[in-house]
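Trainee: I would like to go through this structure step by step. Please show it first.

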Amino acid sequence: MSAPLLAVENIGRRFGGFVALEGVTASFASNKVTAVIGPNGAGKSTFFNVLSGVLPPSTGTMRFKGRDLAGTPQHRFAHLGIARSYQITNIFPELSVHENVRVAAQAFRSRYDIWRDRAALTELDDKAAAALAAVGLTHRGSATAKFLAHGQQRALEIAIALVADPELLLLDEPTAGMGPEETKEMIALIEKLAAERTILLVEHKMKMILGLSDRILVLHHGRLIADGNPQQIQSDPEVRRVYLGQ
Ligand code: ADP
Ligand code: MG
């Protein structure tokens, strides 16, 4: 059997004396959607920060395709195949939609290559166009980013993450602030993206999570209290007590 795409063992993270994440062990297979749920402050964003290299774990090991990630700097994560969107929007409001993605493509490339010629610029444009097409924003390419609807801005952030061609995509609350129509479109986008990559998402909308996820992890006070498919999670007594029953 091949190594799981990502395997974490006994991951923990402290902030001073405060334990935000403790003893989390899980592994993730390819082309599945896993939701991470839990009350506010449960450690979900901290977990994503650790998985995407934004924060080093205080304890534990992480392996991506069998490779130990210890000591790997954050920018290497994207090159290895792990990308994320942020809970807080991360786009340049005055640039066009296309420019936003091209800047990301250039930043991703320029760590190793110096781009000077026309062909290289065309390649960046092609890369940006492909990422915009993947999220259904081709028709908005020339719009100034700040004029996009909220849902389209979130889709743009995902396009920015896609320029790295990630095998693992982490989405922190992709439907935050969305109404039912935009949420529906985001669900369809996530389903489409999941056909070609592994997705981890933090979400609060329970109906969406149950319909979309192959698997659900439940964090509570930084600990993983449940890990299973939607049916298992819905009938888990501890989950019902700390989360669903709120
Ligand atoms: P969630 O995303 O589940 O709402 P977070 O992971 O953001 O939770 O936060 C978990 C806990 O860790 C919270 O109590 C939060 O205040 C704390 N925390 C998160 N990031 C930091 C930080 N950089 N410094 C200190 N405490 C933090
Ligand atoms: Mg959070």
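Mentor: The questions below deal with a predicted model, taking the sheet, a helix pair and the ligand in turn.

Trainee: Which strands stand at the edges of the open sheet?

Mentor: Strands of a sheet pair through backbone hydrogen bonds, either parallel or antiparallel. Here four strands are ordered β2-β1-β4-β5, with antiparallel pairing. Two of them have a single partner strand each, so one side of each is left without a neighbour in the sheet. These edge strands are β2 and β5.

Trainee: How many bridges join β1 to β4?

Mentor: Strand β1 covers residues 6-15 and β4 covers residues 59-64, and the two run antiparallel. One position to look at is E9, which stands opposite T61 in β4. The number of bridges joining β1 to β4 is five.

Trainee: Are α3 and α5 roughly parallel or roughly antiparallel to each other?

Mentor: Helix α3 (residues 97-109) packs with helix α5 (residues 150-162) at an angle of about 30°, and their axes are 8 Å apart. Angles under 35 degrees count as roughly parallel. Therefore α3 and α5 are roughly parallel.

Trainee: How many nonpolar residues does the contact of α3 with α5 have?

Mentor: From α3, the contact takes V97, N100, V101 and A104, and from α5 it takes L156, A159 and I160. By class, one residue is polar and no residue is charged. The nonpolar count is six.

Trainee: Which element gives the largest share of the shell around ligand 1?

Mentor: The residues around ligand 1 include F18, A20, K44, S45 and T46. Two elements, β2 and α1, give two or more residues to this shell. The largest share is three residues, and it comes from α1.

Technical notes: Residues are numbered from 1 along each chain as its sequence is written. Chains are lettered from A and ligands numbered from 1 in the order in which they are written. This is a predicted model: local features need pLDDT of at least 70, side-chain atom pairs count only at pLDDT 80 or more; totals for chains, interfaces and linings use all residues. A residue is near a molecule or strand if its C-beta atom, placed from the backbone, lies within 6 Å of it. Axes are lines fitted to C-alpha atoms, for helices over the stretch in contact, and angles run from 0 to 180 degrees between N-to-C directions. Angles under 35 degrees count as roughly parallel, over 145 as roughly antiparallel, 65 to 115 as roughly perpendicular and the rest as oblique. Two residues are in contact if their C-beta atoms, placed from the backbone, lie within 7 Å. Ala, Val, Leu, Ile, Met, Phe, Trp, Tyr, Cys and Pro count as nonpolar, Asp, Glu, Lys and Arg as charged, and the others, Gly among them, as polar. Two strands pair if DSSP finds at least two bridges between them.
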